[in-house]
2 protein chains.
Amino acid sequence: MTGPLKIGIAGLGTVGAGVVKLLAEHNRLLSLRGGRRLKLVAVSARSKAKKRDIDVSGVRWEKDPLALATAPDIDVVVEQIGGSSGVAKRLAERALRAGKHVVTANKALLAMHGAELAALAEKRGGILAFEAAVAGGIPIIKALREGLTANRIEWIAGIINGTSNFILSTMRDTGASFESVLAEAQKRGYAEADPTFDVEGIDAAHKLTIMAAIAFGVPMDFAGAYHEGITKLTREDLRYAEELGYRIKLLGIARLRPDGYELRVHPTLVPKRRLIANVEGAMNAVLVKGDAVGATMYYGAGAGAEPTASAVIADLVDVTRMHTADPEHRVPHLAFQPDRLSAVPALPMGEVETAYYLRMRVEDRPGVLADITRILADREISIDAMIQKEPSEGEEQTDIILLTHRSIEKRVDDAIRAIEALATVRGAVVRIRLEDLA
Amino acid sequence: MTGPLKIGIAGLGTVGAGVVKLLAEHNRLLSLRGGRRLKLVAVSARSKAKKRDIDVSGVRWEKDPLALATAPDIDVVVEQIGGSSGVAKRLAERALRAGKHVVTANKALLAMHGAELAALAEKRGGILAFEAAVAGGIPIIKALREGLTANRIEWIAGIINGTSNFILSTMRDTGASFESVLAEAQKRGYAEADPTFDVEGIDAAHKLTIMAAIAFGVPMDFAGAYHEGITKLTREDLRYAEELGYRIKLLGIARLRPDGYELRVHPTLVPKRRLIANVEGAMNAVLVKGDAVGATMYYGAGAGAEPTASAVIADLVDVTRMHTADPEHRVPHLAFQPDRLSAVPALPMGEVETAYYLRMRVEDRPGVLADITRILADREISIDAMIQKEPSEGEEQTDIILLTHRSIEKRVDDAIRAIEALATVRGAVVRIRLEDLA
């Protein structure tokens, strides 16, 4: 039997420390399962003095993480530094250039530079593995790349940001506002001090970009991803959605079309009876529609030290297996043979086709609804359902909520502009996209 | 590049024909994804004359399926004959003995003889792959064996028989009886003329046996699996369960304990708010609890030509990859190194620990409840919830429904015997197990 796979870990934050801990705890289990032992030989982190709940006393400490990339006694570098550029990127590049394998949970790095890194790995014979970058411990990369390999993937829709899902679940359960739930989540450590990446859909867009690439065989194109967060969602919209039989979730949606692919993160109304509409709290779930298998769904914890470490170690074990295979017969990094990627583009939002929830504040006067429905009809947008509320006592305005059938987004944009220009309509039209996911 | 992987398919029923079709349809897609082409070279089935919606004109027809096992131009045999013995078993054995790879969806064969077949494959250098044997197109074998490899799997709970789940969903939706829903399902072709394997939990027990082996690293032990079907479930029990906040599902449950493992298929009350309780119709879902990752769930179609073919072809692509790896570094067939299996036994049902739903018909007289609760208390079975119904007009009997906390099954058996012996209790006590699945 070959010697152990020798591991260097750069970054000992929550996940890095989790990997060290799980490797130690499951040393015996991993040797029962794997044919080759995993051995931690070196670590590197910003502060050596910092108190950590792990034992790295028998392991070499590298002051410079980049030293791991070239150390002759290291086979695989686990990159846990984070960030889409800087040290993390340099480390991954140098390690791959040196022919080493790289395992990373860094979705920002992959979404921005995944294609170059994969090409580098292929050129130098290393493996770049990133199961932990999407949906934490859920083996979704493996499912997309291997489990569903016989399928043309038609679309993916995922709850891939736990913080946002936690906030939306809590808003619905308690009737509290976005701001107050966010503040509470920050106090409890569920949301970061600067929550932008989570609540603006950027983190989800990183993950979606990675999934779309391996599902459709397209280059990673984070710049082509649309993202809209949950900061503007109101209690009223959550309540109206519920009344109409829907839940609002922050979904990452990628859909392959003949002319390109949609790549978008935004709040979405989903029919309540769909399983994914019932994914609550900080949990993640990814729904994948394959042409042969139909709809499949993958559910679990999308973050946290142990779930993420579970994915990192699965990648390490995969490396022990796959690196002994003929390079040309390995699982391709991005699921498709590197020279056979499709050139179809990510489509601009105006070209996206989906259904819509539209809420507008109108004066309670005859003819208002006729004007609105005429604007929609002129643009071939048909209406699926409507609620018109009685005005409250003493008020002369009321809410109209419309659900449309599927339409092209630029037509809906145009209709919204026309509706907002009506003298009887007050303020902006609230527009939330709706997906049936059937 | 190596030549194509040459495939022989034995059995052209629904799934076998589905594989032929999907291989042809996705020829281009598979070449974009895989590094090695898949080529169908021979088929065998009972009747050559039978009309099938597939084109096998360019492919050799073998009268004797066993000829595929030794044909020098075949690398991998896809066994779609079915049955736990007879030709299917002989074919798999001979093919593996000849050093060929075998891909099968045959859960009965694996549950009964999986360990021997895996050992034979290891001895002769072939790969035995069986993703399609459990939960159709859901890549659950891959998730358990590779994706969750860093976890000690604590338990598995799966809806792994679509027919039973369809019947239970329909009973709940329509209020119809088991018999009438089964008859309707048979008329529509959703249930077989002889539905025993499905409705008695045997099919689910086959699949559970396979999952438990690869989750826990124990030998496949179908004889050690308990199975109880859905034939005795009544509308009343479904309704009472609903009233108490539960749904009844036919679950396959495997749980690792220090003294052995539980391996059981039976109707189970599950809290309504659990995602798995909301899996409806013929869909399958497997909930897996790992110590690092926590709970993850895998959902999709558990049967049908295309979903099953999706899994068979994923296995074929895996074979193209894994067979070029060092044999000692391949993914072990049963997830654990073959010489490192655990010897812990499947536990008898009396030793199982779970919670219970007990329904009994009692006379509406003082002291009845006191007698019953005393019997339970004497056996250290504590009560979690209770419903006592008002007797109907003119009746002098009523239903008592009790939910217990977790207890050892033999104590509950004993309590049931004592309750049934009470003069005030009429007929048998209905006992349905209950799992919180948290």
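Visitor: In which sense do β12(A) and β12(B) pair, and over how many bridges?

Guide: Strands here are DSSP runs of E of at least two residues, helices are runs of H or I of at least four residues, and both are numbered from the N terminus. Two strands pair if DSSP finds at least two bridges between them. β12(A) and β12(B) pair in the antiparallel sense, over 3 bridges. Within this pairing, Met297(A) stands opposite Tyr299(B) of β12(B).

Visitor: How are the numbering and the model to be read?

Guide: Residues are numbered from 1 along each chain as its sequence is written, while chains are lettered from A and ligands numbered from 1 in the order in which they are written. This is a predicted model, in which local features need pLDDT of at least 70 and side-chain atom pairs count only at pLDDT 80 or more, whereas totals for chains, interfaces and linings use all residues.

Visitor: How many residues of chain A are in contact with chain B, and which elements supply them?

Guide: Two residues are in contact if their C-beta atoms, placed from the backbone, lie within 7 Å. By that criterion, 58 residues of chain A are in contact with 58 residues of chain B. On the side of chain A that touches chain B, α2 (27–33), α6, β12 (294–301) and α12 of chain A each give two or more residues. α12(A) gives the most, with 11 residues. That side divides into 29 nonpolar, 17 polar and 12 charged residues. For this division, Ala, Val, Leu, Ile, Met, Phe, Trp, Tyr, Cys and Pro count as nonpolar, Asp, Glu, Lys and Arg as charged, and the others, Gly among them, as polar.

Visitor: What turn and shift lay chain A on chain B?

Guide: Two copies of a chain are related by a rotation about an axis and a shift along it. The superposition is by least squares on the C-alpha atoms of residues with pLDDT of at least 70 in both copies. Chain A can be laid on chain B by a turn of 180° and a shift of 0.0 Å along the axis, with an RMSD of 0.0 Å. The two copies are therefore related as by a two-fold rotation axis. In chain A, the C-alpha nearest the axis belongs to Ala325(A), 1.9 Å from it. Of the interface residues of chain A, 100% are also interface residues in chain B, so the copies meet through the same surface.

Visitor: How many residues of helix α6 of chain B are buried?

Guide: A residue is buried if 20 or more other C-beta atoms lie within 10 Å of its own, exposed if 12 or fewer do, and partly exposed in between, with C-beta atoms placed from the backbone. In helix α6 (residues 140–147) of chain B, 8 of the 8 residues are buried, so the helix is largely enclosed by the rest of the structure. Among them are Lys142(B), Arg145(B) and Glu146(B). The buried residues of α6(B) pack against α6 (140–147) and α12 (305–322) of chain A, together with α10 (202–216), β11 (283–290) and β12 (294–301) of chain B.

Visitor: What is the strand order of the open sheet in chain A?

Guide: The open sheet has 6 strands in the order β3-β2-β1-β4-β5-β6, with parallel pairing. β3 and β6 (128–129) of chain A stand at the edges, each with a single partner strand, so one side of each is left without a neighbour in the sheet. β1 (residues 5–10) and β2 (residues 38–44) of chain A run parallel, joined by 6 bridges, and Leu40(A) in β2(A) is the bridge partner of Ile7(A). β2(A) is joined to β3 (residues 60–61) of chain A by 2 bridges, with Val43(A) opposite Trp61(A).

Visitor: Where are Ala135(A) and Ala335(B) placed, and what is the sign of phi in each?

Guide: Most residues other than glycine have a negative phi. Ala135(A) has a positive phi of about 60° and lies in the loop between β6 and α6 of chain A. Ala135(A) is buried, with 32 other C-beta atoms within 10 Å. Ala335(B) has a positive phi near 75° and is found in the loop between α12 (305–322) and β13 (353–363) of chain B. Ala335(B) also counts as buried, with 22 C-beta neighbours inside 10 Å.
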